[in-house]
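Work through the exercises below with the model open. Try each task before reading its solution.

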Amino acid sequence: MFVLLLILGFLTFVAFRINRVRNYWNSQGIPNIPSIPFVGNFWETFAFRKSGAEQFEDLYYDEKTKSEPVVGIHCFQKPSLMVKDPELIKRVLIKDFSNFSDRHVSSDPHSDALGSNNLFMMRNPEWKEMRAKLSPVFTSGKMRHFFNLMMDVAADLEKCLARQTIQSGTNSFTTEMKEFCALFTTDVIASCAYGVEAHSLVDPNSDFRRNGRKVFDFNFRRSIELNSFFLLPEIVSLFKFKLFSKDTSDFLRSTIQHVMLEREKTRTTRNDLIDVLIALKNSKRDKEDRILFQGDVLVAQAGVFFTAGFETSSATMSFALYELAKQPQLQKRLQQEIRQHAEKHDGKLTYDNINELEYLTMVIQETLRMYPPLPFLDRIFTPTPDKSTYSMAPYANYSMPPGMPIFIPIYSIQRDPKFYPDPNTFNPDRFAPENKDNLNQSTYFAFGIGPHDCIGKRFGLMQAKIGLISILKRYTVEFTPDTPKTMKLEKKALILQAKGGIHLTVKCE
(Lines give C-alpha, C1' and ligand atoms only; values in the text may rest on other atoms or scores of the structure.)
Protein backbone atom coordinates (compact mmCIF):
# COMPACT_ATOMS: atom_id res chain seq x y z
CA MET A 1 0.00 0.00 0.00
CA PHE A 2 2.82 2.37 0.90
CA VAL A 3 4.53 1.75 -2.46
CA LEU A 4 1.24 2.34 -4.28
CA LEU A 5 0.71 5.63 -2.44
CA LEU A 6 4.28 6.61 -3.23
CA ILE A 7 3.73 5.93 -6.94
CA LEU A 8 0.44 7.80 -6.94
CA GLY A 9 2.06 10.70 -5.13
CA PHE A 10 4.90 10.81 -7.63
CA LEU A 11 2.52 10.69 -10.61
CA THR A 12 0.41 13.43 -9.06
CA PHE A 13 3.49 15.58 -8.60
CA VAL A 14 4.59 14.99 -12.22
CA ALA A 15 1.09 15.79 -13.49
CA PHE A 16 1.05 18.96 -11.39
CA ARG A 17 4.42 20.05 -12.76
CA ILE A 18 3.39 19.35 -16.37
CA ASN A 19 0.15 21.23 -15.96
CA ARG A 20 1.92 24.14 -14.29
CA VAL A 21 4.43 24.41 -17.16
CA ARG A 22 1.73 24.09 -19.83
CA ASN A 23 -0.35 26.81 -18.18
CA TYR A 24 2.58 29.15 -17.55
CA TRP A 25 1.73 31.59 -20.33
CA ASN A 26 -1.98 31.61 -19.48
CA SER A 27 -1.09 32.48 -15.89
CA GLN A 28 1.05 35.36 -17.19
CA GLY A 29 -1.66 36.67 -19.48
CA ILE A 30 0.48 36.23 -22.60
CA PRO A 31 -1.10 35.10 -25.92
CA ASN A 32 0.29 31.65 -26.53
CA ILE A 33 0.18 28.56 -28.70
CA PRO A 34 -0.87 25.35 -26.90
CA SER A 35 1.94 22.84 -26.56
CA ILE A 36 2.26 19.11 -26.02
CA PRO A 37 3.59 17.88 -22.65
CA PHE A 38 7.36 17.26 -22.60
CA VAL A 39 7.89 18.04 -26.32
CA GLY A 40 6.38 21.53 -26.44
CA ASN A 41 5.90 23.29 -29.79
CA PHE A 42 8.89 21.85 -31.67
CA TRP A 43 8.09 18.15 -31.69
CA GLU A 44 7.47 18.07 -35.46
CA THR A 45 10.99 19.34 -36.09
CA PHE A 46 12.51 16.56 -33.99
CA ALA A 47 10.19 14.02 -35.61
CA PHE A 48 11.37 15.26 -39.05
CA ARG A 49 7.82 16.02 -40.08
CA LYS A 50 8.70 19.65 -40.79
CA SER A 51 11.85 21.62 -41.44
CA GLY A 52 12.85 24.30 -38.95
CA ALA A 53 11.57 26.99 -41.33
CA GLU A 54 8.21 25.24 -41.74
CA GLN A 55 7.88 24.77 -37.99
CA PHE A 56 8.36 28.49 -37.37
CA GLU A 57 5.95 29.29 -40.22
CA ASP A 58 3.24 27.35 -38.38
CA LEU A 59 3.97 29.20 -35.15
CA TYR A 60 4.19 32.59 -36.88
CA TYR A 61 0.82 32.22 -38.61
CA ASP A 62 -1.03 30.46 -35.80
CA GLU A 63 -4.65 31.48 -36.21
CA LYS A 64 -5.11 32.77 -32.64
CA THR A 65 -1.82 34.64 -32.26
CA LYS A 66 -0.80 35.69 -35.79
CA SER A 67 -1.43 39.38 -35.08
CA GLU A 68 0.37 39.37 -31.72
CA PRO A 69 3.82 41.03 -31.41
CA VAL A 70 4.95 38.57 -28.71
CA VAL A 71 3.80 34.97 -28.43
CA GLY A 72 4.37 32.45 -25.65
CA ILE A 73 5.63 29.02 -26.77
CA HIS A 74 7.39 26.06 -25.18
CA CYS A 75 10.81 24.85 -26.25
CA PHE A 76 10.07 21.36 -24.95
CA GLN A 77 9.35 22.00 -21.23
CA LYS A 78 10.93 25.44 -21.21
CA PRO A 79 8.65 28.49 -21.55
CA SER A 80 10.04 30.67 -24.34
CA LEU A 81 8.99 33.72 -26.32
CA MET A 82 8.64 34.20 -30.05
CA VAL A 83 9.17 37.87 -30.86
CA LYS A 84 7.54 39.05 -34.11
CA ASP A 85 7.33 42.84 -33.98
CA PRO A 86 10.20 44.45 -35.97
CA GLU A 87 10.63 47.39 -33.60
CA LEU A 88 10.78 45.13 -30.56
CA ILE A 89 13.28 42.90 -32.36
CA LYS A 90 15.46 45.94 -33.07
CA ARG A 91 15.22 46.94 -29.43
CA VAL A 92 16.31 43.50 -28.27
CA LEU A 93 19.15 43.02 -30.76
CA ILE A 94 20.54 46.57 -30.75
CA LYS A 95 19.37 48.95 -28.01
CA ASP A 96 19.27 46.35 -25.23
CA PHE A 97 22.00 44.13 -26.63
CA SER A 98 23.75 43.95 -23.24
CA ASN A 99 20.78 41.92 -21.98
CA PHE A 100 20.59 39.68 -25.06
CA SER A 101 24.21 39.13 -26.05
CA ASP A 102 24.07 35.35 -25.53
CA ARG A 103 22.52 32.78 -27.82
CA HIS A 104 20.32 29.96 -26.61
CA VAL A 105 22.39 27.53 -28.72
CA SER A 106 25.14 25.86 -26.71
CA SER A 107 27.38 22.85 -26.46
CA ASP A 108 29.05 21.00 -23.58
CA PRO A 109 32.42 22.59 -22.69
CA HIS A 110 33.60 19.36 -21.05
CA SER A 111 32.97 16.93 -23.90
CA ASP A 112 32.95 19.26 -26.92
CA ALA A 113 35.78 21.78 -26.78
CA LEU A 114 35.55 22.69 -30.48
CA GLY A 115 31.79 23.19 -30.26
CA SER A 116 31.64 25.26 -27.09
CA ASN A 117 34.73 27.42 -27.63
CA ASN A 118 33.95 28.83 -31.07
CA LEU A 119 32.76 32.38 -31.66
CA PHE A 120 29.25 31.28 -32.69
CA MET A 121 28.50 29.49 -29.40
CA MET A 122 30.62 31.48 -26.93
CA ARG A 123 28.86 33.58 -24.33
CA ASN A 124 29.82 36.86 -22.74
CA PRO A 125 32.31 38.03 -21.63
CA GLU A 126 34.38 35.48 -23.60
CA TRP A 127 32.39 36.14 -26.80
CA LYS A 128 33.01 39.89 -26.68
CA GLU A 129 36.74 39.42 -26.19
CA MET A 130 37.07 36.83 -28.94
CA ARG A 131 34.97 38.91 -31.34
CA ALA A 132 37.30 41.87 -30.81
CA LYS A 133 40.37 39.69 -31.36
CA LEU A 134 39.02 38.18 -34.60
CA SER A 135 37.61 41.36 -36.14
CA PRO A 136 41.00 42.30 -37.72
CA VAL A 137 40.60 39.27 -40.02
CA PHE A 138 37.93 41.23 -41.92
CA THR A 139 39.40 44.72 -42.28
CA SER A 140 39.24 46.36 -45.70
CA GLY A 141 42.93 45.64 -46.25
CA LYS A 142 42.44 41.96 -45.49
CA MET A 143 39.36 41.81 -47.70
CA ARG A 144 41.34 43.24 -50.59
CA HIS A 145 43.94 40.50 -50.07
CA PHE A 146 41.23 37.82 -49.82
CA PHE A 147 39.72 39.07 -53.08
CA ASN A 148 42.90 38.16 -54.95
CA LEU A 149 42.96 34.70 -53.36
CA MET A 150 39.30 34.20 -54.29
CA MET A 151 40.04 35.15 -57.88
CA ASP A 152 42.67 32.40 -58.03
CA VAL A 153 40.04 29.88 -56.91
CA ALA A 154 37.56 31.41 -59.39
CA ALA A 155 40.02 30.56 -62.17
CA ASP A 156 39.94 26.94 -60.94
CA LEU A 157 36.13 27.09 -60.97
CA GLU A 158 36.13 28.18 -64.61
CA LYS A 159 38.49 25.34 -65.49
CA CYS A 160 36.19 22.91 -63.68
CA LEU A 161 33.19 24.19 -65.66
CA ALA A 162 35.09 23.77 -68.94
CA ARG A 163 36.31 20.30 -67.92
CA GLN A 164 32.83 19.06 -67.06
CA THR A 165 31.44 20.49 -70.31
CA ILE A 166 34.08 18.66 -72.35
CA GLN A 167 33.55 15.42 -70.44
CA SER A 168 29.80 15.57 -71.16
CA GLY A 169 30.47 15.42 -74.91
CA THR A 170 28.01 18.27 -75.45
CA ASN A 171 27.90 21.94 -74.54
CA SER A 172 26.16 21.24 -71.23
CA PHE A 173 26.16 19.06 -68.12
CA THR A 174 23.79 18.46 -65.21
CA THR A 175 24.93 18.75 -61.62
CA GLU A 176 23.66 19.10 -58.08
CA MET A 177 24.33 22.79 -57.73
CA LYS A 178 24.68 23.07 -53.93
CA GLU A 179 27.52 20.54 -53.88
CA PHE A 180 29.12 22.09 -56.95
CA CYS A 181 29.12 25.52 -55.30
CA ALA A 182 30.45 24.00 -52.07
CA LEU A 183 33.54 22.76 -53.95
CA PHE A 184 34.26 26.40 -54.83
CA THR A 185 33.55 27.86 -51.38
CA THR A 186 35.52 25.10 -49.63
CA ASP A 187 38.57 25.93 -51.72
CA VAL A 188 38.06 29.64 -51.00
CA ILE A 189 37.91 29.11 -47.24
CA ALA A 190 40.91 26.77 -47.25
CA SER A 191 42.95 29.34 -49.15
CA CYS A 192 41.81 32.54 -47.42
CA ALA A 193 41.55 31.27 -43.85
CA TYR A 194 44.22 28.55 -43.69
CA GLY A 195 46.62 29.29 -46.52
CA VAL A 196 46.08 25.77 -47.87
CA GLU A 197 45.13 24.63 -51.36
CA ALA A 198 42.28 22.16 -50.85
CA HIS A 199 41.83 21.30 -54.56
CA SER A 200 38.18 20.33 -54.05
CA LEU A 201 37.32 21.52 -57.57
CA VAL A 202 39.79 18.97 -58.89
CA ASP A 203 39.09 16.24 -56.32
CA PRO A 204 35.53 16.45 -54.89
CA ASN A 205 36.60 13.99 -52.17
CA SER A 206 39.52 16.07 -50.93
CA ASP A 207 40.10 16.05 -47.18
CA PHE A 208 38.57 19.49 -46.73
CA ARG A 209 35.44 18.78 -48.76
CA ARG A 210 34.93 15.31 -47.30
CA ASN A 211 35.10 16.63 -43.74
CA GLY A 212 32.98 19.67 -44.55
CA ARG A 213 30.33 17.43 -46.06
CA LYS A 214 30.12 15.42 -42.83
CA VAL A 215 29.18 18.46 -40.76
CA PHE A 216 25.99 19.09 -42.75
CA ASP A 217 25.14 15.52 -43.69
CA PHE A 218 21.68 15.41 -42.15
CA ASN A 219 21.30 11.73 -41.33
CA PHE A 220 19.18 10.78 -38.33
CA ARG A 221 21.83 11.26 -35.63
CA ARG A 222 23.29 14.40 -37.15
CA SER A 223 19.87 16.00 -37.40
CA ILE A 224 19.08 15.22 -33.76
CA GLU A 225 22.45 16.66 -32.72
CA LEU A 226 22.06 19.99 -34.50
CA ASN A 227 18.41 20.37 -33.49
CA SER A 228 19.45 19.77 -29.88
CA PHE A 229 22.18 22.42 -29.94
CA PHE A 230 19.62 25.07 -30.87
CA LEU A 231 16.35 23.88 -29.33
CA LEU A 232 17.18 21.50 -26.50
CA PRO A 233 20.74 22.19 -25.28
CA GLU A 234 19.89 20.58 -21.93
CA ILE A 235 20.31 17.10 -23.45
CA VAL A 236 23.54 17.85 -25.34
CA SER A 237 25.75 16.92 -22.39
CA LEU A 238 23.65 13.87 -21.55
CA PHE A 239 24.09 12.32 -24.98
CA LYS A 240 27.61 13.70 -25.60
CA PHE A 241 26.54 15.46 -28.80
CA LYS A 242 29.33 17.25 -30.64
CA LEU A 243 29.43 19.96 -33.28
CA PHE A 244 32.09 18.05 -35.21
CA SER A 245 32.53 14.29 -35.48
CA LYS A 246 35.71 12.72 -34.06
CA ASP A 247 37.16 12.34 -37.56
CA THR A 248 36.44 15.96 -38.46
CA SER A 249 37.74 17.20 -35.09
CA ASP A 250 40.97 15.25 -35.60
CA PHE A 251 41.28 16.63 -39.12
CA LEU A 252 40.78 20.22 -37.98
CA ARG A 253 43.24 19.89 -35.10
CA SER A 254 45.97 18.29 -37.19
CA THR A 255 45.51 20.71 -40.10
CA ILE A 256 45.43 23.90 -38.02
CA GLN A 257 48.31 22.88 -35.80
CA HIS A 258 50.42 21.86 -38.81
CA VAL A 259 49.78 25.13 -40.66
CA MET A 260 50.49 27.22 -37.53
CA LEU A 261 53.75 25.36 -36.86
CA GLU A 262 54.88 25.82 -40.47
CA ARG A 263 54.09 29.54 -40.35
CA GLU A 264 56.00 30.00 -37.13
CA LYS A 265 58.93 27.93 -38.38
CA THR A 266 59.24 29.82 -41.68
CA ARG A 267 58.14 33.17 -40.21
CA THR A 268 55.96 33.80 -43.23
CA THR A 269 52.72 35.81 -43.12
CA ARG A 270 49.64 35.78 -45.37
CA ASN A 271 47.38 38.28 -43.58
CA ASP A 272 44.80 35.56 -42.94
CA LEU A 273 43.02 33.86 -40.06
CA ILE A 274 46.05 31.69 -39.23
CA ASP A 275 48.21 34.78 -38.73
CA VAL A 276 45.63 36.20 -36.31
CA LEU A 277 45.46 32.90 -34.40
CA ILE A 278 49.25 32.79 -34.11
CA ALA A 279 49.23 36.34 -32.77
CA LEU A 280 46.63 35.34 -30.19
CA LYS A 281 48.65 32.28 -29.23
CA ASN A 282 51.76 34.37 -28.67
CA SER A 283 50.08 37.33 -27.02
CA LYS A 284 50.89 38.19 -23.43
CA ARG A 285 48.11 37.49 -20.97
CA ASP A 286 47.54 39.10 -17.64
CA LYS A 287 45.28 38.06 -14.80
CA GLU A 288 42.38 39.94 -16.37
CA ASP A 289 42.27 37.71 -19.47
CA ARG A 290 39.33 35.33 -19.52
CA ILE A 291 40.42 33.26 -22.52
CA LEU A 292 43.50 31.11 -22.90
CA PHE A 293 44.36 31.66 -26.53
CA GLN A 294 45.77 28.24 -27.21
CA GLY A 295 44.89 24.66 -28.13
CA ASP A 296 41.26 23.93 -28.90
CA VAL A 297 40.18 27.56 -28.43
CA LEU A 298 42.22 28.44 -31.52
CA VAL A 299 41.16 25.35 -33.47
CA ALA A 300 37.51 26.07 -32.61
CA GLN A 301 37.64 29.48 -34.34
CA ALA A 302 39.24 27.97 -37.44
CA GLY A 303 36.63 25.20 -37.41
CA VAL A 304 33.59 27.46 -37.30
CA PHE A 305 35.07 29.79 -39.95
CA PHE A 306 35.57 26.76 -42.17
CA THR A 307 32.06 25.34 -41.82
CA ALA A 308 30.10 28.60 -41.75
CA GLY A 309 32.21 30.04 -44.53
CA PHE A 310 31.63 27.33 -47.10
CA GLU A 311 28.07 26.34 -46.15
CA THR A 312 26.29 29.70 -46.09
CA SER A 313 27.81 31.03 -49.31
CA SER A 314 27.34 27.80 -51.26
CA ALA A 315 23.70 27.70 -50.15
CA THR A 316 23.20 31.33 -51.21
CA MET A 317 24.81 30.70 -54.61
CA SER A 318 22.77 27.57 -55.31
CA PHE A 319 19.44 29.07 -54.24
CA ALA A 320 20.19 32.12 -56.41
CA LEU A 321 20.94 29.92 -59.42
CA TYR A 322 17.73 27.96 -58.81
CA GLU A 323 15.64 31.14 -58.85
CA LEU A 324 17.48 32.51 -61.90
CA ALA A 325 16.88 29.25 -63.77
CA LYS A 326 13.22 29.50 -62.81
CA GLN A 327 12.98 33.01 -64.30
CA PRO A 328 15.29 33.08 -67.37
CA GLN A 329 14.56 36.75 -68.05
CA LEU A 330 16.14 37.68 -64.71
CA GLN A 331 19.14 35.47 -65.45
CA LYS A 332 19.64 37.19 -68.82
CA ARG A 333 19.48 40.58 -67.14
CA LEU A 334 22.20 39.56 -64.68
CA GLN A 335 24.33 37.98 -67.41
CA GLN A 336 24.05 41.17 -69.44
CA GLU A 337 25.22 43.23 -66.47
CA ILE A 338 28.17 40.87 -65.85
CA ARG A 339 29.23 40.92 -69.51
CA GLN A 340 28.88 44.67 -69.91
CA HIS A 341 30.95 45.13 -66.76
CA ALA A 342 33.64 42.85 -68.22
CA GLU A 343 33.71 44.87 -71.47
CA LYS A 344 33.96 48.13 -69.55
CA HIS A 345 36.94 46.92 -67.51
CA ASP A 346 38.71 44.83 -70.19
CA GLY A 347 37.61 41.63 -68.47
CA LYS A 348 39.30 42.58 -65.20
CA LEU A 349 37.22 42.06 -62.07
CA THR A 350 38.79 43.90 -59.13
CA TYR A 351 38.07 44.59 -55.49
CA ASP A 352 37.37 48.21 -56.42
CA ASN A 353 34.93 47.57 -59.28
CA ILE A 354 32.99 44.47 -58.18
CA ASN A 355 30.42 46.59 -56.35
CA GLU A 356 29.50 48.31 -59.63
CA LEU A 357 27.47 45.15 -60.34
CA GLU A 358 24.31 46.59 -58.81
CA TYR A 359 21.87 43.97 -60.03
CA LEU A 360 24.12 41.15 -58.77
CA THR A 361 23.95 42.68 -55.29
CA MET A 362 20.17 42.88 -55.56
CA VAL A 363 19.97 39.21 -56.64
CA ILE A 364 21.98 38.11 -53.59
CA GLN A 365 19.95 40.30 -51.24
CA GLU A 366 16.70 38.83 -52.55
CA THR A 367 18.11 35.31 -52.31
CA LEU A 368 19.00 35.87 -48.67
CA ARG A 369 15.55 37.32 -48.03
CA MET A 370 13.86 34.19 -49.33
CA TYR A 371 16.49 31.73 -48.10
CA PRO A 372 18.26 32.94 -44.96
CA PRO A 373 20.76 30.19 -43.99
CA LEU A 374 19.23 29.84 -40.51
CA PRO A 375 15.45 30.36 -40.32
CA PHE A 376 15.52 31.99 -36.89
CA LEU A 377 17.68 33.94 -34.45
CA ASP A 378 17.91 32.83 -30.83
CA ARG A 379 18.86 34.72 -27.67
CA ILE A 380 18.49 34.38 -23.92
CA PHE A 381 17.83 37.14 -21.42
CA THR A 382 20.85 37.91 -19.23
CA PRO A 383 20.23 40.21 -16.25
CA THR A 384 22.39 43.26 -15.60
CA PRO A 385 22.64 45.37 -12.42
CA ASP A 386 20.04 47.76 -13.77
CA LYS A 387 17.71 45.05 -15.14
CA SER A 388 17.05 41.94 -13.09
CA THR A 389 14.07 41.20 -15.35
CA TYR A 390 13.19 42.51 -18.80
CA SER A 391 9.92 44.31 -19.40
CA MET A 392 8.22 43.63 -22.73
CA ALA A 393 6.07 46.77 -22.37
CA PRO A 394 4.34 48.23 -24.30
CA TYR A 395 4.11 45.07 -26.41
CA ALA A 396 3.07 42.85 -23.51
CA ASN A 397 2.45 43.20 -19.81
CA TYR A 398 5.21 40.77 -18.87
CA SER A 399 8.79 40.80 -17.58
CA MET A 400 11.18 38.07 -18.68
CA PRO A 401 13.10 36.19 -15.98
CA PRO A 402 16.84 35.43 -16.37
CA GLY A 403 17.71 32.67 -18.80
CA MET A 404 14.48 32.73 -20.77
CA PRO A 405 15.00 32.02 -24.50
CA ILE A 406 13.53 34.16 -27.24
CA PHE A 407 13.24 33.15 -30.88
CA ILE A 408 13.01 35.56 -33.80
CA PRO A 409 11.46 33.84 -36.86
CA ILE A 410 13.43 35.61 -39.59
CA TYR A 411 12.40 33.25 -42.40
CA SER A 412 8.74 34.01 -41.68
CA ILE A 413 9.25 37.75 -41.21
CA GLN A 414 11.18 38.00 -44.48
CA ARG A 415 8.29 36.25 -46.26
CA ASP A 416 5.51 38.17 -44.54
CA PRO A 417 3.31 39.95 -47.17
CA LYS A 418 2.92 42.86 -44.73
CA PHE A 419 6.58 43.67 -45.31
CA TYR A 420 7.28 42.11 -48.72
CA PRO A 421 4.35 42.03 -51.20
CA ASP A 422 4.10 38.77 -53.14
CA PRO A 423 6.80 37.37 -50.82
CA ASN A 424 7.23 33.96 -52.44
CA THR A 425 8.15 35.46 -55.81
CA PHE A 426 11.84 36.08 -56.43
CA ASN A 427 12.06 39.78 -57.25
CA PRO A 428 15.50 41.41 -56.89
CA ASP A 429 14.03 44.82 -57.75
CA ARG A 430 12.74 45.00 -54.19
CA PHE A 431 16.29 46.03 -53.34
CA ALA A 432 16.77 48.51 -56.18
CA PRO A 433 18.03 51.91 -54.98
CA GLU A 434 14.78 53.59 -56.00
CA ASN A 435 12.82 51.19 -53.79
CA LYS A 436 15.02 51.64 -50.73
CA ASP A 437 12.46 53.83 -48.96
CA ASN A 438 9.83 51.09 -49.32
CA LEU A 439 11.88 48.61 -47.26
CA ASN A 440 11.67 48.32 -43.50
CA GLN A 441 15.28 47.72 -42.50
CA SER A 442 14.06 46.05 -39.30
CA THR A 443 12.54 43.18 -41.30
CA TYR A 444 15.73 41.97 -42.97
CA PHE A 445 18.00 39.77 -40.89
CA ALA A 446 20.01 37.69 -43.38
CA PHE A 447 23.22 38.34 -41.41
CA GLY A 448 21.58 39.29 -38.13
CA ILE A 449 21.62 42.88 -36.88
CA GLY A 450 23.38 44.63 -34.04
CA PRO A 451 26.70 43.80 -32.34
CA HIS A 452 26.09 40.04 -32.74
CA ASP A 453 25.69 40.18 -36.51
CA CYS A 454 27.73 37.87 -38.73
CA ILE A 455 31.40 38.79 -38.43
CA GLY A 456 32.14 37.39 -41.88
CA LYS A 457 29.27 38.93 -43.85
CA ARG A 458 31.50 40.99 -46.18
CA PHE A 459 33.64 37.94 -46.85
CA GLY A 460 30.59 35.76 -47.54
CA LEU A 461 28.99 38.27 -49.90
CA MET A 462 32.22 38.72 -51.81
CA GLN A 463 32.82 35.02 -52.41
CA ALA A 464 29.17 34.50 -53.45
CA LYS A 465 29.48 37.37 -55.95
CA ILE A 466 32.74 36.06 -57.41
CA GLY A 467 31.32 32.54 -57.68
CA LEU A 468 28.16 33.67 -59.47
CA ILE A 469 30.11 35.90 -61.84
CA SER A 470 32.46 33.01 -62.71
CA ILE A 471 29.52 30.77 -63.61
CA LEU A 472 27.17 33.19 -65.34
CA LYS A 473 29.59 35.12 -67.50
CA ARG A 474 29.86 32.15 -69.90
CA TYR A 475 27.18 29.70 -68.78
CA THR A 476 23.41 29.59 -68.36
CA VAL A 477 21.62 27.42 -65.79
CA GLU A 478 18.34 25.70 -66.63
CA PHE A 479 15.83 23.42 -64.94
CA THR A 480 16.10 19.71 -65.60
CA PRO A 481 12.90 17.64 -66.07
CA ASP A 482 13.23 16.62 -62.40
CA THR A 483 13.87 20.07 -60.91
CA PRO A 484 10.87 20.99 -58.73
CA LYS A 485 9.15 24.20 -59.79
CA THR A 486 8.43 24.95 -56.14
CA MET A 487 11.28 24.76 -53.67
CA LYS A 488 10.87 22.04 -51.06
CA LEU A 489 12.99 22.15 -47.93
CA GLU A 490 14.74 19.19 -46.35
CA LYS A 491 12.80 18.24 -43.21
CA LYS A 492 15.80 16.78 -41.39
CA ALA A 493 17.80 20.02 -41.75
CA LEU A 494 17.40 22.79 -39.20
CA ILE A 495 19.27 25.14 -41.55
CA LEU A 496 17.81 25.76 -44.99
CA GLN A 497 18.56 22.95 -47.44
CA ALA A 498 16.72 21.93 -50.59
CA LYS A 499 15.06 18.52 -50.38
CA GLY A 500 16.88 16.21 -52.75
CA GLY A 501 19.33 18.94 -53.73
CA ILE A 502 19.18 21.52 -56.54
CA HIS A 503 19.76 19.74 -59.87
CA LEU A 504 20.34 22.12 -62.77
CA THR A 505 21.70 21.91 -66.28
CA VAL A 506 24.71 24.13 -66.88
CA LYS A 507 24.96 25.16 -70.54
CA CYS A 508 27.95 26.82 -72.18
CA GLU A 509 26.97 29.73 -74.46
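Axes are lines fitted to C-alpha atoms, for helices over the stretch in contact, and angles run from 0 to 180 degrees between N-to-C directions. Helices (H or I, at least four residues) and strands (E, at least two) are DSSP runs, numbered from the N terminus. The model is predicted: local features need pLDDT of at least 70, side-chain atom pairs count only at pLDDT 80 or more, and totals for chains, interfaces and linings use all residues. Residues are numbered from 1 along each chain as its sequence is written, and side-chain values use heavy atoms, with hydrogens and water left out.

**Exercise 1. The sheet and its helix**

Task: Find the strand order of the open sheet of three strands, then place α14 on β8 and β9.

Solution:
- Step 1. Read the order: β3-β9-β8, with antiparallel pairing. Two strands pair if DSSP finds at least two bridges between them.
- Step 2. Locate the edges. β3 (172–176) and β8 (475–479) each have a single partner strand, so one side of each has no neighbour in the sheet.
- Step 3. Check the twist. Direction ignored, neighbouring strands are turned by 30° against each other on average.
- Step 4. Take the β8 pairing. Five bridges join β8 to β9 (residues 503–508), and the two run antiparallel. E478 stands opposite T505 in β9.
- Step 5. Add the helix. α14 lies across β8 and β9 and runs at about 75° to β8. Contact means heavy atoms within 4.5 Å.

**Exercise 2. A helix crossing**

Task: At what angle do the axes of α14 and α16 cross, and which residues make the contact?

Solution:
- Step 1. Take the axes of α14 (residues 295–326) and α16 (residues 358–370). They come within 9 Å and cross at roughly 100°.
- Step 2. Classify the angle. α14 is therefore roughly perpendicular to α16, a class that spans 65 to 115 degrees.
- Step 3. List the residues. α14 gives T316, F319, A320, E323 and L324; α16 gives V363, I364, T367, L368 and M370.
- Step 4. Sort them: seven nonpolar, two polar and one charged. Ala, Val, Leu, Ile, Met, Phe, Trp, Tyr, Cys and Pro count as nonpolar, Asp, Glu, Lys and Arg as charged, and the others, Gly among them, as polar.

**Exercise 3. A covered helix**

Task: How many of the 10 residues of α13 are buried? What caps its N-terminal end?

Solution:
- Step 1. Set the cut-offs. Buried means under 20% relative accessible area, exposed over 50%, partly exposed in between (1.4 Å probe, protein chains only).
- Step 2. Count. In α13 (residues 273–282), seven of 10 residues are buried, so the helix is mostly covered. Among them are D275, V276 and L280.
- Step 3. Find the partners. The buried residues pack against α7 (126–134), α8 (140–168), α9 (177–194), α12 (246–266) and α14.
- Step 4. Inspect the cap. A side-chain oxygen of D272 lies 3.3 Å from the backbone nitrogen of I274.

**Exercise 4. Backbone checks**

Task: Which peptide bonds into P125 and P394 are cis or trans? Are F48 and N271 buried or partly exposed?

Solution:
- Step 1. N124 to P125 is cis, with omega near 5°. P125 sits in the loop between α6 (113–116) and α7.
- Step 2. A393 to P394 is cis too, with omega near 0°. P394 is in the loop between β5 (390–391) and β6 (399–400).
- Step 3. F48 has a positive phi near 60° and is not a glycine. Its relative accessibility is 17%, so F48 counts as buried.
- Step 4. N271, also not a glycine, has a positive phi of about 60°. At 42% relative accessibility, N271 counts as partly exposed.

Technical notes
Parallel < 35°, antiparallel > 145°, perpendicular 65-115°, else oblique. Polar contact = N/O pair within 3.5 Å; in protein donor to acceptor, adjacent residues only side chain to side chain.
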